[in-house]
Amino acid sequence: MSFAVNGEEVELYISPNRTLLEVLREELELTGTKESCGEGVCGSCTVLCDGVPLRSCLTLALEMEGREITTVEGLGEQGRPDPIQQSFIDHGAVQCGFCTPGMLMSVKGLLKRNPTPNEEEIRRGISGNICRCTGYAKIVEAVTAVTTGSGRNATGS
Amino acid sequence: MEKGFSLIGKRVPRVDSLSRVTGEVQFAADLKLPRMLVGKIKRSSLAHARILHIDTSRAERLKGVKAVVTGQDTGGVKWGVFRYTQDMDFLPRDRVRYFGEEIAAVAAVDEETALEALDLIDVDLEELPAVYDPIEAMASEGPWIHEDYPNNVNVHVNIDVGDIEKGFKESSLIREDTFTAAEDDYFMGEPYAVVARFDDDGNLEIWMPNAGPHMKSKPLSNALQMPLHKVKVRKIAIGGAFGGRSEISPADYICALLSRKSGRPVKIVYTREENAVNVRMGHALITTIKTGVDREGKVLARDITCYMDGGAYSSTGPIATSVPFLCMEQAYRMENVRYNGYRIFTNKPIRGMIRMHGRSFACGIDLQLDMMGEELGIDPVTMRLRNARQAGEYTPTGSYVSSCGLTECIEKAALKSGWKEKYGNLPPWRGIGIGINSVQTGFPLGIRGGSQAIIKFNEDGGVTLISGVVDNGQGNDNMLVQVVAEELGLSMAEVMLITADTEVTPNDPGSYSMVTTFAGGNAARLAAVDARNKLFDIAAKALEANPRDLMLKDKKISVAGSPDRFIPLKKAVRMGLIQGMPVSGEGHYAPKVDHTREWVKNPKGQLSEAFSFGATIAEVEVNPETGMVKALEVTAAQDCGFALNPMLVEGQFEGSVAMGGQGGMLTEHHFWDGGRCLNPTQLEYKVPLACDMPRINNIIVESLDPAGPYGAKEAGMSIAMSAAQAYAAAISNAIGVTLTDFPMTPEKILKAIEEKNQGGR
């Protein structure tokens, strides 16, 4: 099969039962995308498929023929994180960090659909992603700061 | 408090967040080593059975299988947290005691082969009678689940202080109520995973989520019968613990055994089901509380009996049986109190410590206080203020409470939440409730109670801190960096960490007793002070000043009051190297606890050097048609001593409200068919989502503990527990009925409303 991952064309021979998540993690060694529940509930495996959030654990890799996949490794540039990544850092939206990659991809997808979501829309937009550490408050703050341009200088504020 | 901190007390972003938002950080399941095999575990299909025979020959013949292990491959060393609770085989030889217990394991070239090999292992089991209910288990005349525990009583903790008979006699109001709660679970983001390999010198290197690497290496060395220094637990990112992951897991041992037998690295990743059933979960509790109060609502006597369903093995049983009582004796004054806690064996998965352990216990104490207050015409906030712990007092079991801001927590939370205006005046089906709690900052842990830290200066003026502290996600690594950078006048980027590696890092008590900031933070601070003193000795000569007059800030050592007289920090470090006095620092801190205190045999004396206190107020709305609860606003106030980083402390509060209150009281519970857990996955075990969460007001109360680093002590956990109590009280307030079975699901709420309407209660 051939598809694009983080802007690069990839050609692979895989057995038809492999999930996109397995192919990303094992074949392409992109381990930023996580498996937590393995049944499409927790959102840890979320990637973007042509800009739309997708559960990679429930998706057969072969279905991705010709598609454009973005994983957390495709966000931002080396040494220059995407604004949403930076906002997660600045607002304490990361604790253990296991759900973070999937959460970021859902936020990216949300902001593509709706660049100025209100708080309720943000909460609904990330309700497919389970975070067990934060209670979501700082995540919502981090997203709000990016969409309203109110990103604060975290130090000393 | 000393003013002028550069980093301490500031909302600085965590140093470890960047690698997490980029996905670069590695968790155990992300590791990939050359020639690594996949390990899988064969589990019991019965809740209680004798193992008659295991035939692995067909599995061993399967192409791609590199090792198969059973109980016959073990040294037969049993595991127990305490010397007197060593009752568990990592791979049992003769008997399994719960559905899903480990029986055998394979290592193969890929997952498909490993799973196929599991099916080729023939296990001959003889089913034994099983018991799933703790009260039935206690009544059983045998055979018992463990022969040496009559009536299946695993642990009995008895505490009797003052004179409860006299206290009840003097009481003007007495109530007795029973509260129950089902098992709750961690559901950490990261499923359990372990990678093991042996190096060319026969040393075991092993990576797994843990709440204290030293707590893993020692039992592994015992079970594998190899010297401790050859077991190297390595640092790895950890996706949450919440009270779990403190004990050695059978998977750790089995992975090492498979690696030893195959001669290759092995990785085991638990399925979500295994991560629920085969790690630990919270205990189910039945708590009966009898309380006597005077006309003012002051508690004069309390008699508490609690039965905990412990599952098949002891685990942290003595601690688990004690902690729910200890939290309450810390939070509330009780001069006359009796406690009988029983942990009972059943043929169910093993139960351990969890963040809101004892929810039926704490919620029971608070709901009962509310009911008694109502009879006396005293409002819940006043009831709490009249019984709240104060600094300078002793708990019933003899712990001195050196710092306590509980009253301030209650008062500030009441003010912020608008308690006075709201209580009794809310529209129908709206309710408001308060809970208070207290949590330990460490336990007596014997030789592992203290933390040690070492600082090494690099020639560019940066430092490396070596510490046994582990970070499960709460920000312990960042705490260390913040402390050391503050003390040495460095930026956080100039402090490197080597932590949580048993080969290199010194002793540390681990994170599960809430002592990391207190012990590990103090040790790191003292190591930095030690290094700074050495730097000052060097600089004093160069500056012709008294070392005591020197200060270190922004990488400059200067004479206090004469900012022009300084030398750069880097220069002092290099002078030390030239003069043959290289700068390093050592610090250690062992909390002052009573080492003769023992959970069962001697439950008296100083339990913990410091205690945190929390008060949470929740406001909810109940839909009387559906029984659904909507949390509207939660106000969480905690005395954490001093907030080293308020942003991170708030994060602990908010996560605590989610897990303790929103999840813990509304949705989170396991349900069963005999010994089989029917909801071991995230589809059926409902944890809170972003859309469920209410607005949260955080109130940080700072009592400045005299021994804590900068005054800090435990942060967050007394919110997890008091949030559960607050939700329970708020729902009861909204529907006008006190619910006594947790969590408070819609079915239970509807039933209570219906019974009330029929005048049944």
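Is A720(B) buried or exposed? In this predicted model, A720(B) is buried, because 30 other C-beta atoms lie within 10 Å of its own and 20 or more are enough for that class. The residue belongs to helix α18 of chain B. Apart from neighbours within four places in sequence, the contacts of A720(B) are R355(B), M356(B), S656(B), M659(B) and G660(B). A720(B) and Q26(B) stand 694 residues apart along the chain, and their C-alpha atoms are separated by 28 Å.

Helix α18, which spans residues 717–735 of chain B, also provides the largest share of the largest nonpolar core, with 14 residues. That core has 294 residues, and those with the most contacts inside it are V194(B), I254(B), V484(B) and I731(B). In soluble globular proteins, nonpolar side chains tend to be buried together. For V484(B), once residues up to four places away in sequence are set aside, the residues touched are I455(B), V463(B), L465(B), V495(B), A524(B) and A528(B).

The domain assignment splits chain B into three parts, each made of more than one segment. Domain 1 covers 17–24 + 448–589, domain 2 covers 32–128 + 198–239 + 245–277, and domain 3 covers 356–362 + 369–444 + 604–757. Between domain 1 and domain 2 of chain B, the C-alpha centres are 39 Å apart. Their contact involves 17 residues from domain 1 of chain B and 15 residues from domain 2 of chain B. On the side of domain 1 of chain B that touches domain 2 of chain B, four residues are nonpolar, eight are polar and five are charged.

A helix pair in chain B was examined next. Helix α15 (residues 516–543) of chain B and helix α16 (residues 569–578) of chain B have axes that come within 9 Å and cross at roughly 95°. The crossing angle falls in the range 65 to 115, so α15(B) is roughly perpendicular to α16(B). From α15(B), L535(B), I538(B), A539(B) and A542(B) take part in the contact, and they meet A572(B), M575(B) and G576(B) in α16(B). By class, the residues of this contact of α15(B) with α16(B) are six nonpolar, one polar and no charged.

Chain A is divided into two domains, domain 1 (2–74) and domain 2 (83–148). The C-alpha centres of domain 1 of chain A and domain 2 of chain A are 21 Å apart. Where these domains touch, 15 residues come from domain 1 of chain A and 13 residues from domain 2 of chain A. On the side of domain 1 of chain A that touches domain 2 of chain A, β3 (46–49) and β4 (52–55) of chain A are the elements that give two or more residues. The most comes from β3(A), with three residues. This side of domain 1 of chain A has seven nonpolar, seven polar and one charged residues.

The two chains also touch each other, with 47 residues of chain B in contact with 43 residues of chain A. Helices α1 (17–21) and α17 (646–666) of chain B each supply at least two residues of the side of chain B that touches chain A. Of the elements on this side, α17(B) gives the most, with eight residues. The residues of the side of chain B that touches chain A comprise 23 nonpolar, 15 polar and nine charged.

Some backbone features remain to be described. The peptide bond between G142(B) and P143(B) is cis, with omega about 0°. P143(B) is located in the loop between α4 (134–139) and β7 (153–161) of chain B. A cis peptide bond also runs from F742(B) to P743(B), where omega is near 0°. P743(B) sits in the loop between β29 (741–742) and α19 (746–757) of chain B.

A positive phi, near 50°, is found at N6(A), a residue other than glycine. N6(A) lies in the loop between β1 (2–5) and β2 (8–11) of chain A, and is partly exposed, with 17 other C-beta atoms within 10 Å. In chain B, L704(B) has phi near 50°, again a positive value in a residue other than glycine. The loop between β28 (695–701) and α18 of chain B holds L704(B). L704(B) is partly exposed, with 15 other C-beta atoms within 10 Å.

Methods
Residues numbered from 1 in each chain as written. Chains lettered and ligands numbered in written order. Predicted model: local features only at pLDDT ≥ 70, side-chain atom pairs only at ≥ 80, totals over all residues. Axes fitted to C-alpha atoms, helices over the stretch in contact; angles between N-to-C directions. Helix = DSSP H or I, 4+ residues; strand = E, 2+ residues; numbered from the N terminus. Parallel < 35°, antiparallel > 145°, perpendicular 65-115°, else oblique. Contact = placed C-beta atoms within 7 Å. Nonpolar A, V, L, I, M, F, W, Y, C, P; charged D, E, K, R; others polar. Domains from an automatic or database assignment. Core = buried A, V, L, I, M, F, W, Y, C linked by C-beta atoms within 7 Å. Buried ≥ 20, exposed ≤ 12 C-beta atoms within 10 Å, placed from the backbone.
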